[in-house]
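Here are a few exercises to work through with the model open beside you. Try each task before reading its solution.

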Amino acid sequence: MSSSVFGNRTTGLSLTLPAALFAAALFLVPVAILLSEAFVGPEGGFSLSAYSDFFADPRYRAVFWRTLKLGVLVTLTAAIIGYVAAFAIVSLPPKSRGRIFGLVILPLMISPVARTYAWLVILGRTGIVNETLGLFGIEPIRFLFTETAVFIGLLQLFMPLMIVSLISAMENMPSDAVPAARLLGASWVQVFLRVILPLTREGLVIGGTLVFTGSLTAYITPAILGGSKVLMLETLLYQRVTVARDFASASVIALILILMCFGANLVLRRLATVKRRTAA
Amino acid sequence: MNRIAAWTVISLLLVFLIGPFIIILGAALSAGPVMAFPPDGLSLQWFEKVFSIDSFRSSFAISIWLGLCSPLAALILGVPASYAMARYDVRGAELVRLLVSAPIIVPGIIVGLALLRYLVIPTGIGIGLALFLAHTALVLPYAVRVVSASMDNLRADIEEAAVMLGCSRLGAFLRVVLPNIRGGILAAFILGFVTSFNEVPVALFLSGPGITTLPIDMIGYMEITYDPSVAALAALLAALSIAIVFAAERFLGLSRYV
Amino acid sequence: MSDYVSLQGLTLTYGDTVAVPALDLEIAKGELICLLGPSGCGKTTTMRAIAGLLNPSSGTITIDGRDVTRVPPSRREVGLVFQSYALFPHLSVYENVAFGLRMKKSPDVDARVREGLATVGLSDFASRMPAELSGGQQQRVALARSLVMQPKVLLLDEPLSNLDARLRLEMRMELQRVQRETGVTMIFVTHDQAEALSLADRIIVMRGGRIEQQGSPEEIYNRPATGFVADFVGFETILPQEDGTALAWRPSAVELGSGPYEGRVQGVSFAGERRDYVLDTQFGQIKADVAAERPAHGIGETVAFDLPRERAVTLERAK
Ligand SMILES: Nc1ncnc2c1ncn2[C@@H]1O[C@H](COP(=O)(O)OP(=O)(O)OP(=O)(O)O)[C@@H](O)[C@H]1O
Ligand SMILES: [Mg+2]
């Protein structure tokens, strides 16, 4: 067989192997062991008892549903605001568009601890919101350690991801699609449903996946803004391990989180391709 | 959308996204003993206090070390891998890609717990080393993705041209590939630094006596005190990130690679 | 000395697919050879093997009496100009041309780079970066980069295919001039027959990794040996004969308006001095072109035509 100086398979493999082995050793193996732990019963052997125990507990079920609910809410809100914002940003002249784009992605680079901490200052008992309400003689409202606080924190944390995905989708949209539809007499609602949505579906799916999985797996925001009152799966996991050394529940939560992330990925991707086919 | 509407939307958005940082800065400049905005009088005392707290100094040093060493190690692993996947017909390249990007798919807290239980405890390696390995794996996907993107912009035949002109295979890589993907490598490094420096979930379980990263230390401090020094630190961190990203964008066009 | 470069039984494979089976080829010193053939016929593969970028699974390559089959690329004294030029994007024109000389630790880098740039008429562009050059200029930098190494053989893989028609014509003449001046042996790949005809001392027509026919441009153009070659050089009408041979006519050799056969006009297009017809006939489709001042025929019209024997070329086989 002829061999190319550049097509040598063994060289290629030996260059990729270190990275692959490293990732496998540090992720695949430990995580796999962790996940398998929940399938071992109290007397050894295969068992699903950790799962049935977990879902039998109403407090845990509530945490599960709350995580899912907040994930969905944050994703939907981010999508709605994201469309308006992305559309506004794309309509700017290129130079200011670049600047605003930079400001939108800026928070992504800043420590999430700092980002979440800011909300503590804003929503706290003596925070800005309550101080302002106080000026009007309104009693302080409790924001901290509520689902609302966690929701706001997550929304601010992940919205840039949605906006960025939507902007790049809109930039790939034919520039005359919207004006053309308007000229043909379509209302804004029709333009959105018939033109913008189908053409930016992929961006929506990418952004949606990032926001949803990000919200599910965020730790700092629920920990700081939700505390032990508003537990989410991540904070519950941490609590079970540190407070009760309950590794079985931790393992169950870990698998649920991973499955939810993968599931969201699959469902959203399927949604994108199916819709594209019917739209075509 | 008309101009006024567009700018209104954008202003509201930026107030929501950026406003909180301005508030942190304001709170940090407060002269009073508790967190408040607007601040009761201006002073830099809380910034001074941040620098006088020993644990912040040591956790800052650890975070900086991690932020520098992990991307470096990730690049040492990731550059050859991305190069090989771009240039060679590597069997199972897709599998490698998936494997290498697993760290971003699997939630960090799970990774941290798994490493603690099945690497640190059984092998007895230090927490610091485990953190370094975990962060390396965490930034490896970015290294591979960013370097792959700049490899894709580079034609394969320039290496063949270099070989024709007398370079060895390695020489061709060093002389004509490396200079052309330098920007991508630097971008990956900066992205890796920021990721590692800000990382919380993995480090949550991987911290122990004397080994704590700055974000974890901050969370711990916040739980016991409510003075504006955390705000000062948060403001400093935000400023640091902004400075790094701004410089990177200015000199490298970082956003091309993200 | 007609075997300055000699390929013997050269077999080149990619995995299980044989791209070039047992190729034999002799090239004389100073000759300008064109490899001509359709896409995928193994031209690039052959060039890469001569350059040393692809090791043959069997066969030998000799250059100037030395067996170089297992010699690494840089020690074969072969230059290769890539279709995409493959200039180093991070180096200036000067440094691109100097690259090989520096690798060789040549003592007179500067003088040779300047000479090389002068040869291709780019002396004023030494400090430009490749991205700041036009396609034709980049092509010339690539040429200079190979030439300064004073290779025994210069390989050019479709170097003109990225240029527009006028530049291409210009570069053709440039290449011929450089070859005359340097006397370097050149192997030039193209799938453009006009390019091959105008440049080459000898044309090698390849098909499926084998040599279909070789000869001077006149031979190839006027006396194609097979239907494949005939088709390539513009014989549109090929009629197989009973003995396995075939006869072939160019469109201009077909006579329209009189003759023993009849055909229906399927298409006609005006091409300045001539009019091109497509006829539907008992032999299948036939193309004919006729001086434009002759009476025109409309689509659907039935026209008499002739395939004059004396203007036909006899082929060994129809395919
Ligand atoms: N890397 C490769 N792996 C497998 N098969 C290949 C590879 N490169 C080329 N081939 C096959 O080898 C045959 C010859 O390819 P080659 O590139 O030499 O053709 P070519 O004559 O240069 O064509 P073109 O005019 O399109 O450049 C083709 O059938 C092609 O599909
Ligand atoms: Mg080719």
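**Exercise 1. Work out what share of the contacts in chain C with a separation of 6 or more comes from residues 24 or more positions apart, and set the result beside the make-up of the chain.**

Solution. Start with the contacts, bearing in mind that this is a predicted model. Contact here means heavy atoms within 4.5 Å. Among contacts in chain C with a separation of 6 or more, 62% join residues 24 or more positions apart. Next, turn to secondary structure: chain C holds 8 helices and 18 strands. Then look at burial, with under 20% relative accessible area as the cut-off. Of the 319 residues in chain C, 53% are buried. Finally, take the dimensions: the C-alpha trace of chain C spans about 75 × 45 × 35 Å along its principal axes.

**Exercise 2. Find how strand 1 and strand 2 of chain C are paired and joined.**

Solution. First, locate strand 1 at residues 5-14 and strand 2 at residues 17-27 of chain C. Their pairing is antiparallel and runs over 7 bridges. To fix the register, take C:S6, whose bridge partner in strand 2 is C:E26. Now follow the chain through the turn: the two strands form a hairpin with 2 residues between them. In that turn, C:G15 has a positive phi of about 60°.

**Exercise 3. Trace the open sheet of 3 strands in chain C and identify its edge strands.**

Solution. Begin with the order, which is 12-13-18 with antiparallel pairing. The edges are strand 12 (237-240) and strand 18 (313-315) of chain C, each pairing on one side only. From one strand to the next, the twist averages 25°. Then examine one pair: strand 13 (residues 246-249) and strand 18 of chain C share 3 antiparallel bridges. Within this pair, C:A248 has C:V313 of strand 18 as its bridge partner.

**Exercise 4. Check the length of helix 6 of chain B against expectation, then describe its bend and its burial.**

Solution. Helix 6 of chain B covers residues 127-152, which is 26 residues. At 1.5 Å a residue, the expected span is 38 Å; the end C-alpha atoms lie 37 Å apart, so the two agree. Next, look for a bend: helix 6 of chain B bends by about 35° at B:V139, and the proline B:P141 follows within four residues. Last, consider burial: 19 of the 26 residues of this helix are buried, so the helix is largely enclosed by the rest of the structure.

**Exercise 5. Describe the part of chain B that UniProt annotates at residues 60-248.**

Solution. An unreviewed UniProt entry places the feature "domain: ABC transmembrane type-1" at residues 60-248 of chain B. That span is 83% helix and 0% strand. Its end C-alpha atoms lie 22 Å apart.

Note on methods:
Residues are numbered from 1 along each chain as its sequence is written. Chains are lettered from A and ligands numbered from 1 in the order in which they are written. This is a predicted model: local features need pLDDT of at least 70, side-chain atom pairs count only at pLDDT 80 or more; totals for chains, interfaces and linings use all residues. Side-chain values use heavy atoms; hydrogens and water are left out. The expected span of a helix is 1.5 Å times one less than its number of residues. The bend at a residue is the angle between axes fitted to the seven residues ending there and the seven starting there. Buried means under 20% relative accessible area, exposed over 50%, partly exposed in between (1.4 Å probe, protein chains only). UniProt positions are given in the numbering used here, feature names are shortened, and annotations may be inferred rather than shown by experiment. Two strands pair if DSSP finds at least two bridges between them. Axes are lines fitted to C-alpha atoms, for helices over the stretch in contact, and angles run from 0 to 180 degrees between N-to-C directions.
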